[in-house]
Amino acid sequence: MRVRDWDDIVSDVVESKADPDDWRAVAGDRANGLGEDFYVGHPSSGVYHLKTYAKNPFEVKGVGTQVARKLDDEIGSFFPEQEEASRFAVQSPPEDEDDAEDKAKRLQAVLQAHADAPTTPGDLFDDMMDALESPAFGPMEYDQYDRPDRLDDLSTTFEEAEEVLNAELDDLIEDDEVDRGFM
């Protein structure tokens, strides 16, 4: 297991070239200590585990690793399905002004189409992510005040990674001399 900066893990997700709308995630408070746990998985790209904390309002720090190479049926059962969850997305900034204008036009067309026809919020979200060329999006179970049961199930399944990432994040927090995260 290779522990890396959390930004590197997000870059792996962005650069995976996996079908963007097949990602699923579970996140919530860290079980012991400051910060949050985040698992994101894709059937062909695997499962990644990140632990982060907000050092201040402008800086998030954290660590992560890939805990599984594939999202199989057993591990997949810990992740939410489309119809039962909130949504998440990973966004890349526009490459230049022309790219930003192109995305804005596509987004405007999506909003107009959805205003003219009866659709679901989920369909609107999916179409918006397609228009923005999001590299990863999908259902997410998240609790900003506690831990979803599925998060505990994943932590138990990947117990070794949990211990290593906890130690690495605790070292980051100690090195930063942060007693509590910014909220």
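**Entry 1: salt bridges in total.** I counted the salt bridges in this predicted model, and the count comes to 15.

**Entry 2: Asp-176 and Lys-55.** I looked up one pair whose side chains meet in a salt bridge, Asp-176 with Lys-55, at 3.8 Å from N to O. Asp-176 belongs to the segment after α6 (159-175) and Lys-55 to strand β4 (residues 46-56), so this pair ties together parts that are 121 residues apart in sequence. I then checked the accessibility of each partner. Asp-176 has a relative accessibility of 18% and therefore counts as buried, because buried means under 20%. Lys-55, at 29%, counts as partly exposed.

**Entry 3: Arg-87 and Asp-126.** I found a salt bridge between the side chains of Arg-87 and Asp-126, with 2.7 Å from N to O. This pair also links distant parts of the chain: Arg-87 lies in strand β6 (residues 86-90) and Asp-126 in helix α4 (residues 121-131), 39 residues apart. Arg-87 is partly exposed, its relative accessible area being 26%.

**Entry 4: a pair within one helix.** I noted that Asp-99 forms a salt bridge with Lys-103, and that their closest N and O atoms are 3.6 Å apart. Both residues lie in helix α3 (residues 97-116), four residues apart, which is about one turn of the helix. Are Asp-99 and Lys-103 buried or exposed? I recorded both as buried.

**Entry 5: a network.** I traced salt bridges that share partners, and these join Asp-37, Lys-51, Arg-147, Asp-152 and Glu-162 into one network.

**Entry 6: the two ends of α1.** At the start of helix α1 (residues 6-15), I found a side-chain oxygen of Asp-5 within 3.0 Å of the backbone nitrogen of Asp-7. After α1 comes Lys-17, whose phi is positive, near 65°.

Conventions:
Residues numbered from 1 in each chain as written. Predicted model: local features only at pLDDT ≥ 70, side-chain atom pairs only at ≥ 80, totals over all residues. Heavy atoms only, no water. Polar contact = N/O pair within 3.5 Å; in protein donor to acceptor, adjacent residues only side chain to side chain. Salt bridge = Lys/Arg side-chain N within 4 Å of Asp/Glu carboxyl O. Buried < 20%, exposed > 50% of the residue type's maximum accessible area, 1.4 Å probe, protein only.
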